[in-house]
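Hi there,

Here is the structure I promised to pass on. Have a look at it first, and my notes follow below.

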Amino acid sequence: MSEPRIVVIDNHGQFTHLEGRALRDVGVDSEILDNDTEPDDIDADGIVLSGGPSMDRVGRCSDYLDLGVPVLGICLGLQFIAEELDGRVESGDYGGYADVDVRIRDDEDPLVGSLAPETRTWASHADEVVEAPDGFAVTADSDVCGVEAMSDTDRDLYGVQWHPEVSHTERGQEVFENFVEICR
């Protein structure tokens, strides 16, 4: 079985290049694409929506949710998925990056279940999902935020508030490994 091809959509986040590298470290073909890339030009078995500074700069991300491949949203990517599908995003109480202990609520979840019962992450909560969209299960929370991760396994849409691609996050690479398994 050939390895899946997973593209990272660049939403102008400071860690986007690390997301691409994390995927390559898992052994998959990965490429970083601008978020204005034509959906028809995307040939991928999975998509990562990167973090970024502003919901106003997400380009064509809404089009990428309809390509019929699994999507993983990281930080702004998670928030974008939530807002696009009628969840709710609000300003959080903690704007800077910090260590956050995340509790895994569903140890059967294909994206974050293997991290149960909890994991230490690196995250910013300047904005955060306060209400997951219909069809999504909240799969992780913390003392800082009620929606640290969410999954809609029927539509293969997933997201995490934290940054699994940075070294400060324990077991972050495992999140990418799990996403690659979803994409297979």
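A residue is called exposed when its relative accessible area is over 50%, buried when it is under 20%, and partly exposed in between. By that cut-off Asp 154 is exposed, because its relative accessible area is 75%. Please keep in mind that this is a predicted model.

Let me stay with that part of the chain for a moment. Asp 154 sits in the loop between S8 and S9. Its C-alpha atom is separated by 9.1 Å from that of Phe 136, a residue 18 positions away along the chain. The loop between strand S8 (149-152) and strand S9 (157-160) also holds Asp 156. Asp 156 has a positive phi of about 55°, although it is not a glycine. Asp 156 counts as partly exposed, because its relative accessibility is 25%.

Going back to the loop before S8, you will find Val 144 between strand S7 (137-142) and S8. With 27% relative accessibility, Val 144 counts as partly exposed. From Val 144 to His 168 there are 24 residues in sequence, and the two C-alpha atoms are 17 Å apart in space.

On to the annotation. The UniProt record, an unreviewed entry, lists residues 7-180 as "domain: Glutamine amidotransferase". In the model, that span is 19% helix and 36% strand, and its end C-alpha atoms lie 11 Å apart.

Next, a helix and what follows it. How many of the nine residues of H3 are buried? Seven are, so H3 is largely enclosed by the rest of the structure. Those buried residues are Leu 76, Gly 77, Leu 78, Gln 79, Phe 80, Ile 81 and Ala 82. Just after H3, the backbone does something you may want to check: Asp 86 takes a positive phi of about 75°, although Asp 86 is not a glycine. Asp 86 belongs to the loop between helix H3 (76-84) and S5, and it counts as exposed because its relative accessibility is 68%.

Asp 86 is also one of the members of a negative surface patch, together with Asp 66, Glu 83, Glu 84 and Asp 134. Of these, Asp 66 lies in the loop between helix H2 (61-64) and strand S4 (71-74). Asp 66 counts as exposed as well, because its relative accessibility is 66%.

There is another backbone feature to look at if you plan to set up the coordinates yourself. Ala 116 and Pro 117 are joined by a cis peptide bond, with omega at about 5°. Pro 117 is in the loop between strand S5 (88-104) and strand S6 (118-131).

Now for the charges. Side chains of opposite charge can pair when their charged atoms come close. A search of the whole structure turns up 15 salt bridges, and here are some of them.

Arg 60 pairs with Asp 63, and the closest N and O atoms are 2.9 Å apart. Arg 60 is partly exposed, because its relative accessible area is 26%. Asp 63 is partly exposed too, with a relative accessible area of 28%.

Arg 88 and Glu 131 meet in a salt bridge through their side chains, at 2.8 Å from N to O. This pair links distant parts of the chain: Arg 88 is in strand S5 and Glu 131 in strand S6, 43 residues apart. Arg 88 has a relative accessible area of 39%, so it is partly exposed. Glu 131 is also partly exposed, with a relative accessible area of 39%.

Arg 105 forms a salt bridge with Asp 141, where the closest N and O atoms are 3.4 Å apart. Here too the pair links distant parts of the chain, with Arg 105 in the loop between S5 and S6, Asp 141 in strand S7, and their positions 36 residues apart. Is Asp 141 buried or exposed? Asp 141 is buried, because its relative accessible area is 14%. Both residues of this pair belong to a network of salt bridges that links Arg 103, Arg 105, Asp 141 and Asp 143.

That is what I have for now. Happy to talk it through whenever it suits you.

Best wishes

Terms used:
Residues numbered from 1 in each chain as written. Predicted model: local features only at pLDDT ≥ 70, side-chain atom pairs only at ≥ 80, totals over all residues. Heavy atoms only, no water. Patch = residues over 30% accessible without salt bridge, like charges linked within 9 Å, V, L, I, M, F, W, Y side chains within 5 Å. Areas by Shrake-Rupley, 256 points an atom, 1.4 Å probe, with all protein chains shown as cover. Salt bridge = Lys/Arg side-chain N within 4 Å of Asp/Glu carboxyl O. Lys, Arg positive; Asp, Glu negative; His and termini not counted. Charge placed at Lys NZ, Arg CZ, Asp CG, Glu CD. Helix = DSSP H or I, 4+ residues; strand = E, 2+ residues; numbered from the N terminus. Buried < 20%, exposed > 50% of the residue type's maximum accessible area, 1.4 Å probe, protein only. UniProt positions renumbered as here; feature names shortened; annotations may be inferred.
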